[in-house]
Amino acid sequence: MRTAIRALAITAAAALTVTGLAACSSGSSGSSGDSKTLTYWASNQGTSLQNDKEVLTPVLEKFTKETGIKVDLQVIGWNDLQNKIQTAVTSGQGPDVVNIGNTWATSLQATGAFQEFGDAEMKAIGGADKFGKVALSTGGAPGETVTSVPLYGLAYGLYYNKQMLADAGITPPTTWEDMVADAEKLTADGKYGFSLAGGSYTENSHFAFINSAQNGGEWFDKDGKPTFTSKANVDGIKRYLDLMQDAKVANPSNAQYDNATQSTTDFAKKKAAFILNQNNANATIESLGMKSDEYGVVALPAPEGGEQIASFPAGINLSIFKNTKNKDGALKFVKYMTSMDTQTTLDKPYSALPVLAEAADSVTDEQTKTFLDIYNNKAKPLPLVPAEDQFESTVGKAMNDMFAKIATGSKVSESDIKSALQTAQDQVSQAAG
């Protein structure tokens with residue numbers, strides 16, 4: 001099968017090596033080929049790479065104590081993770097176990113580089129039934145044996161500052177139109193209604209998808225061919241860009257924000273009344289001094305008459321590189337990381353949604369219930385096609401450019417958007433050959 005991982009430049013990734021020897025030069029057999037050592041690439045889930053080290057180290061030490069298998073951990077930032085995985089796929093010099101953004105699952109599955117969780121492998125990690133149905137559905141293409149299993153569940157929500165809304169006599173919005181009107185009212189005195197990660201291609205592509213889904217749009221046809229230039233897609237992107245362009249409820253400097261932490265910081269510092277972010281933003285918000293009772297969350301509202309889609313079932317999955325020399329150890333590790341005990345330990349500091357069916361049933365926190373409802377009932381999966389990663393990179397980067405133009409005072413029209421989407425579609429089509 002032709003790899004779907006192409007077109008993006010392969011770059012050296014910055015990573016935090018937490019324990020043991022450098023992993024990336026060791027192959028998939030662990031840091032020394034020792035069957036008692038596993039190499040694990042973890043994504044940045046906490047407030048910093050160092051914070052992830054502090055959260056994960058005791059959890060991994062417990063695994064070592066129980067199994068005798070050491071874990072050589074690297075925590076990798078989101079700006080680097082996809083390229084680093086692509087490099088490992090191409091070179092064969094990867095870890096044993098890796099975190100992936102679950103939206104990449106189908107693209108990575110298509111490379112053939114990852115272990116399938118067939119009947120035997122699924123039994124070894126505790127069985128498919130332990131996972132929630134929506135969470136497990138993110139593991140690969142429909143009808144194919146999954147090559148990843150869920151670790152942390154995530155969904156987007158509309159965060160709002162309770163006091164700022166109360167002072168303005170505003171209640172949380174239930175339509176997009178009300179949300180924009182509220183944000184306009186809240187944009188005053190150097191503060192803005194919204195803060196956006198306008199320079200992050202991943203965030204931009206996610207909101208291109210969600211806003212199009214509210215219009216009933218699709219990005220690929222049933223044969224997996226891109227359909228980027230549809231009116232639903234163009235209108236969805238225009239609606240999102242117009243938060244900065246027409247409504248002017250987002251600071252033009254947001255065009256330079258290349259990750260969601262920057263917009264989250266504005267929110268926590270009370271420079272913006274709303275942000276759109278995933279539930280793991282809680283840790284960052286509260287680490288910056290905003291108390292949990294000072295903010296609330298509701299589903300991102302759709303336009304009047306639109307589809308009630310507020311997110312996609314986002315999150316982090318675990319994959320095992322097929323050429324690991326310690327498959328049994330890797331399966332033990334996946335079983336451990338997806339056990340009820342470990343999930344309970346990690347979900348709290350990472351503000352993650354439970355991916356285990358048993359854990360979801362025991363949620364009592366109202367905010368977590370809101371996110372779980374979005375995840376389970378108001379989420380549409382991102383395109384489950386091998387070229388999904390190319391959709392994110394081409395469309396997301398086109399939107400980076402559009403926000404940059406808006407920030408400098410230029411106008412981005414519907415025809416400009418359609419033209420940019422045509423270029424992105426051509427790039428994806430050419431890559432598919």
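A salt bridge is a side-chain nitrogen of Lys or Arg within 4 Å of a carboxyl oxygen of Asp or Glu. The model is predicted: local features need pLDDT of at least 70, side-chain atom pairs count only at pLDDT 80 or more, and totals for chains, interfaces and linings use all residues. Residues are numbered from 1 along each chain as its sequence is written, and side-chain values use heavy atoms, without hydrogens and water.

**Exercise 1.** Find how many salt bridges the structure holds, and which residues are linked in a network.

*Solution.* Start with the total: eleven salt bridges. Then take the network: salt bridges link Lys238, Asp242, Asp246 and Lys411.

**Exercise 2.** Place the pair Lys231 and Asp235 in the chain.

*Solution.* Check the distance: N to O is 3.0 Å, a salt bridge. Next, locate the pair in helix 9, residues 231-245 (a helix is a DSSP run of H or I, at least four residues, numbered from the N terminus). Lys231 and Asp235 are four residues apart there, so about one helical turn separates them. Last, read the exposure: Lys231 has 60% relative accessibility and counts as exposed (over 50%; buried is under 20%, partly exposed in between; 1.4 Å probe, protein chains only).

**Exercise 3.** Work out which parts Lys270 and Glu294 tie together.

*Solution.* The closest N and O atoms of this salt bridge are 2.8 Å apart. Lys270 sits in the loop between helix 10 (260-268) and strand 8 (272-278) (a strand is a DSSP run of E, at least two residues). Glu294 sits in the loop between helix 11 (281-287) and strand 9 (295-298). The pair therefore ties together parts 24 residues apart in sequence. Lys270 is partly exposed at 32% relative accessibility, and Glu294 is partly exposed at 23%.
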